[in-house]
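Here is a set of short exercises to work through with the model open in your viewer. Try each task before you read its solution.

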Amino acid sequence: MYIWEQTSWPSLIWNEGALVAPLAAARHEQGKLLGKMEAVGFDLREEAMLQTLTQDVVKTSEIEGENLDTQQVRSSIARRLGIDIGALPPVDRNVEGIVDIMLDATGKYQEPVTADRLFAWHGALFPTGRSGLSKIRVGEWRDDASGPMQVISGAYGRERIHFSAPPADRVPEEMARFLDWLNAPSETDPVIKAAVAHFWFVTIHPFEDGNGRIARAIADLALTRSEGTPHRYYSMSAQIQKDRKAYYDLLEKTQKGDLDITSWILWFLASLRHAIQEAETTVAQVLAKARLWDRASQFALNERQIKMLNRLLDGFEGKLTSSKWAKIADCSQDTAGRDIAALVDLGLLKRGEGGGRNTHYELCLEEA
């Protein structure tokens, strides 16, 4: 029996006593991070938010097996937030769609979540009306015309059904009840409400595709409400992607259990704490980037050097060599060598370990 087949569904319950300590710990981490970010300058907060939202968009798609171009995502978010990051690469429609959803969820967190708003999110996810090669119903609830909505894994002929969602004819009523609860004032702590909302929505599974990404966007919206600010400095999706197997295993176990979802909420709170702790790395990177540019501002750098330093600071994939520099900066190998040598002399770059063909260069994030 699935949880939605229980007589008392959707009257979900949880053990309040078991949640007191982990909820307090998560709330403490939230407050500590927000306090730390208030103490840094506006530009640094913007940069931290840009990094966080970029990570959130990329990772929520990775959970569903879709790999987005990080630079395109960063470019799309920066343009919407009015942050100048230099030349902007062209952005695919599927990237624009998920960015639209995440910014709408967190930027307009105080607005009610309605069916029309969810339909708009769904339409943004699937701008062509297709999921892969399959045509799907976009911007409306599923109709189960091709069979019941099921979460399945395994090769053809050896499929394993992990979950079967409520029949399509129940979806409008189920979603109306869910949205009424989500938008109504509640004595439930907003962080607990975020955990419950995520589980409840993904259990209804109201769309033909994209349910996981929209469930995580709803959870992000609820977490934003819990903090009272649209500024995002941690990524729940990045943490879930790290622990993807446990995420799906616990969802499956809870969806096949009774109405007590304490174990799911405990996992959600633990993941939230880990996500906030990981944000410390993002903050450290942003501060290191600011310090490097403070040092770099003392020197007359050319456009190629500025461009390449930015690429390195934004997370350069692989090792930087003079040949990669020449290709990315569109210059000769000799020019690349001179550019690099000058930055090494200025203490902004250093030679990495290894020599010969393995010669590469790294940022000097701390002044020698």
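## Exercise 1: Aromatic pairs

The structure holds 16 aromatic pairs, and the model they come from is a predicted one.

**Task.** Classify the pair formed by Trp141 and Phe207, and find where its two members sit in the chain.

**Solution.**
- Step 1: The ring centres of Trp141 and Phe207 are 5.2 Å apart, and their planes make an angle of 40°.
- Step 2: Stacked needs planes under 30 degrees apart and edge-to-face needs over 60, so an angle between these limits is classed as tilted. The pair of Trp141 and Phe207 is indeed tilted.
- Step 3: Trp141 belongs to the loop between strand 2 (134-135) and strand 3 (150-153), while Phe207 belongs to the loop between helix 7 (190-204) and helix 8 (211-227). With their positions 66 residues apart, the pair links distant parts of the chain.
- Step 4: Trp141 counts as buried because its relative accessibility is 13%. Phe207 counts as buried too, at 0%.

**Task.** Now do likewise for Trp264 and Trp267: what class of pair do they form?

**Solution.**
- Step 1: Their centres lie 5.6 Å apart with 25° between the planes, and the pair is stacked.
- Step 2: Both belong to helix 11 (residues 262-296), where they are three residues apart, so about one helical turn separates them.
- Step 3: Trp264 is buried at 0% relative accessibility, and Trp267 is buried at 13%.
- Step 4: Trp264 and Trp267 are also part of a cluster, in which ring pairs link them with Phe199, Tyr247, Tyr248 and Phe268.

## Exercise 2: Charges over rings

**Task.** Which ring has Lys193 over its face, and which ring has the charged end of Arg232 over it?

**Solution.**
- Step 1: Lys193 lies over the face of Trp181, 5.0 Å from the ring centre.
- Step 2: Arg232 has its charged end over the ring of Tyr234, at 5.0 Å from the centre of that ring.

## Exercise 3: Helix 8 and Arg216

**Task.** Compare the expected span of helix 8 with the distance between its end C-alpha atoms, then describe the setting of Arg216.

**Solution.**
- Step 1: Helix 8 has 17 residues, which at 1.5 Å a residue should span 24 Å. The end C-alpha atoms are 25 Å apart, which agrees.
- Step 2: Of the 17 residues of helix 8, 16 are buried, so the helix is largely enclosed by the rest of the structure.
- Step 3: Arg216 is in helix 8 and is itself buried, with a relative accessible area of 3%.
- Step 4: Beyond its neighbours within four places in sequence, Arg216 is in contact with Thr60, Ile63, Glu64, His198, Ser237, Ile240 and Tyr247.
- Step 5: After helix 8 comes Gly228, with a positive phi near 70°.

## Exercise 4: Empty space

**Task.** Which element gives the most residues to the lining of the largest cavity, and which gives the largest share to the second largest pocket?

**Solution.**
- Step 1: Begin with the cavity count: there is one cavity of 30 Å³ or more. The largest cavity has a volume of about 50 Å³.
- Step 2: His198, Arg216, Ala219, Asp220, Leu223, Met236, Ser237, Ile240 and Phe268 line the largest cavity.
- Step 3: Helix 8 and helix 9 (236-242) are the elements giving two or more residues to this lining. Helix 8 gives the most, with four residues.
- Step 4: Turn to the second largest pocket, which holds about 860 Å³ of space. Its lining has 31 residues, and those nearest its centre are Glu64, Val151, Ile152, His205 and Tyr248.
- Step 5: Strand 3, strand 4 (160-164), helix 8 and helix 10 (244-255) each give two or more residues to the pocket lining. The largest share, seven residues, comes from helix 10.

## Exercise 5: Backbone checks

**Task.** Where does Asp144 lie, and is His205 buried or exposed?

**Solution.**
- Step 1: Asp144 has a positive phi of about 60° although it is not a glycine. Asp144 lies in the loop between strand 2 and strand 3, and at 21% relative accessibility it counts as partly exposed.
- Step 2: His205 also has a positive phi, near 50°. His205 is in the loop between helix 7 and helix 8 and is buried, with a relative accessible area of 12%.

Definitions and conventions:
Residues are numbered from 1 along each chain as its sequence is written. This is a predicted model: local features need pLDDT of at least 70, side-chain atom pairs count only at pLDDT 80 or more; totals for chains, interfaces and linings use all residues. Side-chain values use heavy atoms; hydrogens and water are left out. Rings of Phe, Tyr and Trp (its six-membered ring) pair if their centres lie within 6.5 Å; planes under 30 degrees apart count as stacked, over 60 as edge-to-face and the rest as tilted. Buried means under 20% relative accessible area, exposed over 50%, partly exposed in between (1.4 Å probe, protein chains only). A charge sits over a ring if NZ of Lys or CZ of Arg is within 6 Å of the ring centre and within 35 degrees of the ring normal. Contact means heavy atoms within 4.5 Å. The expected span of a helix is 1.5 Å times one less than its number of residues. On a 1 Å grid over the protein atoms alone, a cavity is a set of points where a 1.4 Å probe fits but cannot get out, and a pocket is an open set with protein on both sides within 12 Å along at least five of seven lines; lining residues have an atom within 4 Å of a point. Grid points are joined across faces, edges and corners, and a volume is the space filled by probe spheres set on the points.
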